[in-house]
Amino acid sequence: MELMNLLLERRSIRQYTGEPVPREQLEQILQAGLLSPSGRNIRPWEFVVVENKETLARLAASRQSGAQMLENAGCAILVFANREKTDVWPEDCSIAMSNMHLMAHSLGLGSCWVQGRLRQAQNGKTTEEVCRELLFVSEQYALEAILAVGAPAQRPAPHTTGELLREKLHWERF
């Protein structure tokens, strides 16, 4: 698929059929994340894949709102970073998340970025605390986000280049 078409067609999917994600496709998504560039090639990320339905349901409560789709997703990929390795870990992890988001779409799957960093859970803890406790992640790792992945229950219409906010472009000066 041509990159521009992929970018136009990719949409955040919040409704899934609940079917598991085939292992070959999940491996390709993870490879896309691992192939991501990072500052000074440090690659501070660690990916935790969750396929267990009970754990996915618990992850759905890891935010006050905006994470409910995890309950019906085929899987979730949590992106943590060793914050001691680099100060640009949020940017590095964001690139990995974006690559996995695009790969999921290119494979016909749906995905949705669930922000984890600086978010609160339903139980009053931070989203990061809930995810760390649930998945036995050490304190040295910070949560960037969770990628919900699954077979889409609906497919929104693609974007068009006519929707682009051209007023956001500046040439030579702001």
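Buried means under 20% relative accessible area, exposed means over 50%, and partly exposed lies in between (1.4 Å probe, protein chains only). Keep that scale at hand for the exercises below.

This is a predicted model, in which local features need pLDDT of at least 70 and side-chain atom pairs count only at pLDDT 80 or more, while totals for chains, interfaces and linings use all residues. Residues are numbered from 1 along each chain as its sequence is written, and side-chain values use heavy atoms, with hydrogens and water left out.

**Exercise 1.** Find the residue whose side chain meets Glu-51 in a salt bridge, and place both residues in the chain.

*Solution.*
- Step 1: A salt bridge needs a side-chain nitrogen of Lys or Arg within 4 Å of a carboxyl oxygen of Asp or Glu. The structure holds six of them.
- Step 2: The partner of Glu-51 is Arg-23, at 2.8 Å from N to O.
- Step 3: Arg-23 sits in helix α2 (residues 23–34), whereas Glu-51 is in the loop between β1 (45–50) and α3 (53–60). They are 28 residues apart, so the pair links distant parts of the chain. Helices (H or I, at least four residues) and strands (E, at least two) are DSSP runs, numbered from the N terminus.
- Step 4: Arg-23 is partly exposed at 47%, and Glu-51 is partly exposed at 33%.

**Exercise 2.** Classify Arg-132 and Glu-139 as buried, partly exposed or exposed, then find the network they belong to.

*Solution.*
- Step 1: The side chains of Arg-132 and Glu-139 form a salt bridge of 3.2 Å, N to O.
- Step 2: Arg-132 has 9% relative accessibility and counts as buried, while Glu-139, at 60%, is exposed.
- Step 3: Salt bridges link these two with Arg-83 and Glu-128 in a network.

**Exercise 3.** Describe the surroundings of Ser-62, starting from its place in the chain.

*Solution.*
- Step 1: Ser-62 belongs to the loop between α3 and β2 (75–82).
- Step 2: With a relative accessible area of 0%, Ser-62 is buried.
- Step 3: The Ser-62 side chain reaches the backbone oxygen of Leu-59 at 2.6 Å.
- Step 4: Now look for contacts (heavy atoms within 4.5 Å). Neighbours within four places in sequence aside, Ser-62 is in contact with Gln-120, Ala-121, Thr-127, Val-130, Cys-131 and Ile-146.

How values were computed: Polar contact = N/O pair within 3.5 Å; in protein donor to acceptor, adjacent residues only side chain to side chain.
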